[in-house]
Amino acid sequence: MYGTNNLKENAKLELDDGAKIAVLGGGPAGSFFSIFALKLAKQIGKDIDLTIYESKDFSHDGPSSCNMCAGVISESLVQMLAIEGICLKPPIVQRAIDTYCFQTTGGDVFLNSPSKQKGIATVYRGGGPVNQTDKEHETERKSFDDFLLDCAEKEGAKVENVRVEDIKLNNGRPIIFSKKGQLPDADLVVGACGINAKIIKTFEELGTGYSPPSTIKAYQSEIHIGEQHVSDLFGNAVYVFLINQPGVKFAAITPKGSYVTVSILGKDITRQTVIDFLNHPEVKSKFPDSWNIPDAFCRCVPKINVGAARHPFTDRIVMIGDASSARLYKDGIGSAYLTAKAAANTAILYGVSETDFRKYYYPSCRKIDRDNLFGKIMFSFTDIINQTPILREALLNTTRHEQIHPETGYKCSTILWDTFTGNEQYTDIFLRAFNYKLLLRILVNIFNAIFIRFKKIWR
């Protein structure tokens, strides 16, 4: 059971007029919560005082002002934001993506967006890479996180450039502190700080039962090759590499302006892992012939949520975004949107007690967590395919055959597209993968690959 902070289980804690909300973190989760809470409060005639505490300036260059993310926004989230009146366009969007390329040592296959639109957006989470070169030829850009903060301020949020250092509980009420001392009292504290912030440890030590999600290390690198090279060599495609590099679980290259973002997930990922990846023949062939790996490039090593938080709420405190629940490997910004909206609806319409959050907020977290179980199965299959040349070949040949003969109805292309773009729930993708036509075709291609190998041996 969750603790109740010395309040009765049925105690009702509501946000009355003039209630104060402290949002710790000005990334997407914090901004989304603020936007939805303030909009909803206005609609029902409730006056709330909401302050976002964020120590970073997202307009500055480099990792210190960036939320350390590949910056790929799924097509489904772009559409949901548009419905909310949050429209993404240049200079926030650096490139609109309509294609994913799956590159293996045995060849590649291109997958086009099922909607036939450039619906996926690539963005910078901060002002852009540090040590930018060739600035006079750079595409104009604006930080996605900075844009969302602007949207929150327009709704009435106050933004304070303050780092929250400590949180304490006093008779069930959270008290927050900066280095300069105690900050104004809050009727609700929203933990939108993310799992990479130091303050996450303080939430864990409050004694409410909160435990942050398990994580895996990622390595994000911004590589400058020039805007024309990005357009000519990568175009509007994200490249996913299944090249079985030791220690690497996932690797992709995302085009943006005159840079490409290299994203690698795995255990013990280092700068040398990135260099080895860039030196791999299949990867190096995507870069200009005269290009060499630079001695220095903008990089960061964030932790990525791969689990679920325990007890992400109590009376007057709620954790959102990847400090609570996030989709496995994909669409972290989409998860921030979903958890922030559910938490905002709960706080404004129902209350801020632990009971309220358990009843109205937690189902959204559980839905993400349950869906991730199917995601783990899907990515386990991907790992096996990545490590098995015959399976890689069979999958590529199945996809190519489907693209030539779409009437076969294998749905392999859309399954791969949705798995790696995060455009659909893993549960739906998993169920679609159990297509007897698809499984039979893959099996036939496996036997073909084995037969060809034996034929070569016995010649």
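**Notebook: surface, cores and two residues**

I began with the surface of this predicted model, and I noted that the protein exposes about 20,400 Å², of which carbon and sulfur atoms supply 53%. I then looked up burial, and found that buried residues make up 54% of the 459 residues in the protein.

**Overall form**

For the secondary structure I recorded 13 helices and 20 strands. I next checked the radius of gyration, which is 23 Å and close to the 23 Å that the globule rule gives for 459 residues, so I wrote the protein down as being as compact as a globular protein of that length. Taken along the principal axes, the box that the C-alpha atoms fill came out at roughly 80 × 55 × 40 Å. I also looked at contacts with a separation of 6 or more, and noted that residues 24 or more positions apart account for 75% of them.

**Nonpolar cores**

I asked myself which residues of the largest nonpolar core touch the most other members. Of its 55 residues, I listed Phe 32, Phe 33, Leu 188 and Ile 320 in that role. I followed Leu 188 further and, not counting residues up to four places away in sequence, found that Leu 188 touches Leu 15, Lys 20, Ile 21, Ala 22, Phe 33, Arg 316, Ile 317, Val 318, Ala 347, Val 352 and Phe 357. I noted as well a second, separate core of 31 residues, and that its members include Val 238, Val 240, Leu 265 and Val 306. As background I wrote that nonpolar side chains tend to be buried together in soluble globular proteins.

**A nonpolar patch on the surface**

I turned next to a nonpolar surface patch of about 340 Å², which is made by Ile 44, Leu 349, Tyr 350 and Tyr 360. I located Tyr 360 in helix 9, which covers residues 354-387. Its relative accessibility is 31%, and I therefore entered Tyr 360 as partly exposed, since buried would mean under 20% and exposed over 50%.

**His 229**

My last entry concerns His 229, which I found in helix 5, residues 227-233. Why does His 229 count as partly exposed? I put this down to its relative accessibility of 36%, because partly exposed is the class between under 20% and over 50%. Leaving aside neighbours within four places in sequence, I found His 229 in contact with Phe 234 and Pro 288. I also checked His 229 against Gly 191, and recorded that the two are 38 residues apart in sequence and 41 Å apart in space, C-alpha to C-alpha.

Key
Residues numbered from 1 in each chain as written. Predicted model: local features only at pLDDT ≥ 70, side-chain atom pairs only at ≥ 80, totals over all residues. Heavy atoms only, no water. Patch = residues over 30% accessible without salt bridge, like charges linked within 9 Å, V, L, I, M, F, W, Y side chains within 5 Å. Areas by Shrake-Rupley, 256 points an atom, 1.4 Å probe, with all protein chains shown as cover. Salt bridge = Lys/Arg side-chain N within 4 Å of Asp/Glu carboxyl O. Helix = DSSP H or I, 4+ residues; strand = E, 2+ residues; numbered from the N terminus. Buried < 20%, exposed > 50% of the residue type's maximum accessible area, 1.4 Å probe, protein only. Core = buried A, V, L, I, M, F, W, Y, C linked by side-chain atoms within 4.5 Å. Contact = heavy atoms within 4.5 Å. Rg over C-alpha atoms; globule rule 2.2 N^0.38 Å.
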